[in-house]
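Open the model in your viewer and keep the sequence panel beside it. This tour goes stop by stop, telling you what to select and what is there.

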Amino acid sequence: MQKLFLLLCLTCCLPFWNVTHAQTPDSTSIQRSSPYRYVNATSLKLRIQPDATAMASAVIAGASRVQLLGETEDGWSQIQVSAVVGYVRSEYLVEEQQQVSADVNWEIINAAGGATYSRLVPAASPHRKVVAKPAAGPKVYICGNGRTEVYHSSSDCAAMRRCTYQTLVMSQREAQASGLRGCMKCY
Ligand SMILES: [Zn+2]
């Protein structure tokens with residue numbers, strides 16, 4: 001009888017014990033769940049798809065703080081810098097800015113925000129590349145928000161006119177190779 005009582009007592013106390021435990025501040029788990037990462041490279045291309053051949057929409061300066069949105073199983077991290085979303089290889093991200101070992105200018109970084117420093121340079125306009133390769137096929141237009149799965153036949157497409165991000169221009173073949181498909185409205 002005593003044993004049963006003890007068991008009952010344990011069973012009813014356990015949920016409370018769990019709640020108390022979960023509310024105890026734990027610095028290790030807080031650090032692990034931090035949504036921020038730092039670029040451990042002199043500079044890093046932000047790509048529109050998790051693919052090394054995908055187009056870069058911007059270049060992130062070394063030691064910049066970025067927001068981690070998710071990770072793919074094959075080593076890509078989806079991140080957001082300013083308002084731009086894109087993908088980088090996860091091995092170029094570290095959890096703390098002090099862990100950045102790449103060659104960066106710490107004087108500039110510390111003067112411009114230290115651990116909150118973040119600098120993004122839009123990639124050079126792809127227009128020139130397309131003009132230099134006229135045989136590559138028809139031009140397509142892509143909203144550079146880092147999330148889109150479609151390309152458009154014209155920058156005048158209604159869906160494209162709503163895009164508040166940089167417009168990316170590339171050949172249809174390049175767009176298809178990046179895993180994008182034609183827009184339902186304009187194709
Ligand atoms: Zn369209």
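## Stop 1: Asn40

Select Asn40, in the loop between β1 and β2 (43-47). The model is a predicted one. Is Asn40 buried or exposed? Asn40 has a relative accessible area of 18%, so it is buried, the cut-off being under 20%.

Now show what surrounds Asn40. Setting aside neighbours within four places in sequence, its contacts are Tyr92, Val94, Gln99, Val100, Ser101 and Ala102. Add Glu91 for a distance check. Asn40 and Glu91 are 51 residues apart along the chain, and their C-alpha atoms are separated by 8.3 Å.

## Stop 2: Tyr38

Step back to Tyr38, in strand β1 (residues 36-39). Tyr38 is buried, at a relative accessible area of 8%.

Select its contacts next, again ignoring residues up to four places away in sequence. Tyr38 touches Ala63, Ser64 and Arg65, among others. Its contacts also include Tyr92, Leu93, Val94, Glu95, Glu96 and Gln97. Val100 and Ala115 are on the list as well. Tyr92, Val94 and Val100 should be familiar, being among the contacts of Asn40.

Draw a line from Tyr38 to Ser118, C-alpha to C-alpha. It spans 9.0 Å, between residues 80 apart along the chain.

## Stop 3: Ala63 and Ala61

Go to Ala63, one of the residues that Tyr38 touches. Ala63 is in the loop between β3 (56-61) and β4 (65-71). Check its backbone: phi is positive, about 70°, although Ala63 is not a glycine. How much relative accessible area does Ala63 have? The value is 0%, so Ala63 is buried.

Now pick Ala61, in strand β3. Ala61 is buried too, with a relative accessible area of 14%. Beyond residues up to four places away in sequence, Ala61 touches Val39, Thr42, Tyr117 and Arg119. Pick out Thr42 from that group. Ala61 and Thr42 are 19 residues apart in sequence, and their C-alpha atoms are 6.6 Å apart in space.

## Stop 4: Ser82

Ser82 also has a positive phi, about 55°, and is not a glycine. Find Ser82 in the loop between β5 (76-81) and β6 (84-89). Turn on the surface. Is Ser82 buried or exposed? Ser82 is exposed, with a relative accessible area of 60%.

## Stop 5: Ser178

Move along the chain to Ser178, in the loop between α6 (172-177) and β12. Ser178 is buried, at 7% relative accessibility. Show its contacts, leaving aside neighbours within four places in sequence. They are Gln49, Ala54 and Met55.

## Stop 6: the zinc site

Select the zinc ion. Which protein atoms act as its donors? They are His152 (ND1), Cys157 (SG), Cys183 (SG) and Cys186 (SG), at 2.1 to 2.4 Å from the zinc ion. The four donor atoms subtend angles of 97 to 119°, so the arrangement is tetrahedral. For that label, all angles must lie between 85 and 135 degrees.

Highlight the donor residues in the sequence panel. Their spacing reads H-x4-C-x25-C-x2-C. His152 is in the loop between β10 (150-151) and α5 (158-161), and Cys183 is in the segment after β12 (181-182), so this pair ties together parts that are 31 residues apart in sequence.

Check the accessibility of these two donors. His152 counts as buried at 4% relative accessibility. Cys183 counts as buried at 6%.

## Stop 7: the second largest pocket

Keep His152 and Cys183 selected. Both help to line the second largest pocket. How much space lies in this pocket? About 170 Å³.

Build the rest of the lining in groups:

- Cys143, Asn145, Thr148 and Val150 are among the lining residues.
- Ala159, Met160, Arg162 and Cys163 are also included.
- Met184 and Lys185 belong to the lining as well.

Colour the lining by class. It has seven nonpolar, three polar and two charged residues.

## Last stop: the whole protein

Zoom out and switch to a cartoon view. The protein has six helices and twelve strands. Of its 187 residues, 37% are buried. Now take contacts between residues at least 6 apart in sequence: 63% of them join residues at least 24 apart. The Tyr38 and Ser118 pair, 80 residues apart along the chain, gives you one long-range distance to keep on screen.

Conventions: Residues numbered from 1 in each chain as written. Predicted model: local features only at pLDDT ≥ 70, side-chain atom pairs only at ≥ 80, totals over all residues. Heavy atoms only, no water. 1 Å grid on protein atoms, 1.4 Å probe; cavity = no way out; pocket = protein on both sides within 12 Å on 5 of 7 lines; lining within 4 Å. Points joined across faces, edges and corners; volume = space filled by probe spheres on them. Nonpolar A, V, L, I, M, F, W, Y, C, P; charged D, E, K, R; others polar. Donors = N, O, S within 2.8 Å, 3.2 Å for Na, K, Ca; no water. Tetrahedral: all angles 85-135°; square planar, octahedral: opposite > 155°, others 65-115°. Helix = DSSP H or I, 4+ residues; strand = E, 2+ residues; numbered from the N terminus. Buried < 20%, exposed > 50% of the residue type's maximum accessible area, 1.4 Å probe, protein only. Contact = heavy atoms within 4.5 Å.
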